[in-house]
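Work through the exercises below with the sequence and the model open. Try each task before reading its solution.

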Amino acid sequence: LLAGLAAGAALPSASSAQALVAGSAPTAVGAGSVAQRPLLTIDDQFLLERVGSPQISPDGMRVAYTVGTTDYDTNSSETRIWVVNRDGGAPIPMTGKGSSASSPRWSPDGRLLSFLASRDEGKTQVWALDLTTGGEAVQLTEAEESVSGYEWSPDGRRMALSIKDPALEKNPAAKTKSGSDIPEPWVVDRLQFKRDYVGYLDHRRNHLYTFDLASKKIVQITSGDYDDSQAVWSPDSQMIAFVSNRTDAADDNFDTNIWLVDADNTDKGARLTQVTRNPGPDGSPTWSPDGRRIAHVTETDPAHAPYDIAKVAVI
């Protein structure tokens, strides 16, 4: 556009300028007519597919990823898992239509491709496809509550699960004189009482568990009135690093820190090791291959968190 004006071309019309702002650039600028591409419409939005969560197989030859779609007629969205070879070619769908799947992960030996899914109107659990034998996915976990995140241990024997505390038992619904139910009130006793896509908050927290694939046993390894997330196994499969805000008033600050918990503990994380003490946010821990260091993302200006410029740190 600027080059055309410098060459003495006429200014574009108002409609052409609006097209530029809308993202539909004219194909030519000059004194004559301006050819335009069609503008995006709402219907076009539903044709877009969202690609994410790429996971490279242990042998480096394949990539698992998710593709999300939206259906206007049914007012619903769906996510499926696909696999494509490293050198390209036609991608292969690993999960079918009618049931969303997310969080693809490869087992350390590359034999299993696991994912999160809620099937048959049940809770969200970890499922896995055996890529050596084929066939349908097999449900691995049977937790009482939905699993929101998981990670394989490097030795392939266990998983770290993120699970929300179970719901409290509700009192019998009170009745009006006409016999209809009176809904229970929401009791607000937290500074942060509501969150997008979650709704009203209570003191149910996300904690970490280990899942033994051989025995199918699930053991809780963290607890308390704190949310724990971003679990990462140490290279020797003995420790788990995670992120948590364990300050006295977690709702009024962004002081998340990195903690360590023994994967074999049975005291629900009563003894933890605090790795970082920066008063700003610390997160995204990653172990070094020898297990001696942890790299993480940090913000060192707590007065401007979470808008400070993030930095990489090693401890």
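**Exercise 1.** How many helices and how many strands does the secondary structure of the protein come to?

*Solution.* The model is a predicted one. Its secondary structure comes to three helices and 23 strands.

**Exercise 2.** Find what the pLDDT says about the protein as a whole and about residues 1-27.

*Solution.* Step 1: take the whole protein, where the mean pLDDT is 88 and 88% of the residues reach 70 or more. Step 2: turn to residues 1-27, where pLDDT stays under 50. Step 3: for this stretch the model has 28 contacts beyond four places in sequence.

**Exercise 3.** State what share of the residues is buried, and describe the exposed area.

*Solution.* Step 1: the protein has 315 residues, and 32% of them are buried. Step 2: the protein exposes about 19700 Å². Step 3: carbon and sulfur atoms supply 54% of that area.

**Exercise 4.** Place strand 22 among its pairing partners and sort its residues by face.

*Solution.* Step 1: strand 22 covers residues 294-298. Step 2: strand 21 (residues 282-287) pairs with strand 22 in the antiparallel sense, over four bridges. Here Trp287 stands opposite Ile294. Step 3: six residues lie between the two strands of this hairpin, and in it Gly291 has a positive phi near 75°. Step 4: strand 23 (residues 311-314) also runs antiparallel to strand 22, joined by four bridges. In this pair Thr298 stands opposite Lys311. Step 5: Ile294, His296 and Thr298 form the covered face of strand 22, while Ala295 and Val297 form the uncovered one.

Notes: Residues are numbered from 1 along each chain as its sequence is written. This is a predicted model: local features need pLDDT of at least 70, side-chain atom pairs count only at pLDDT 80 or more; totals for chains, interfaces and linings use all residues. Side-chain values use heavy atoms; hydrogens and water are left out. pLDDT is the predictor's confidence in each residue, from 0 to 100. Contact means heavy atoms within 4.5 Å. Buried means under 20% relative accessible area, exposed over 50%, partly exposed in between (1.4 Å probe, protein chains only). Accessible areas come from the Shrake-Rupley method with a 1.4 Å probe; for residues, only the protein chains shown count as cover. Two strands pair if DSSP finds at least two bridges between them.
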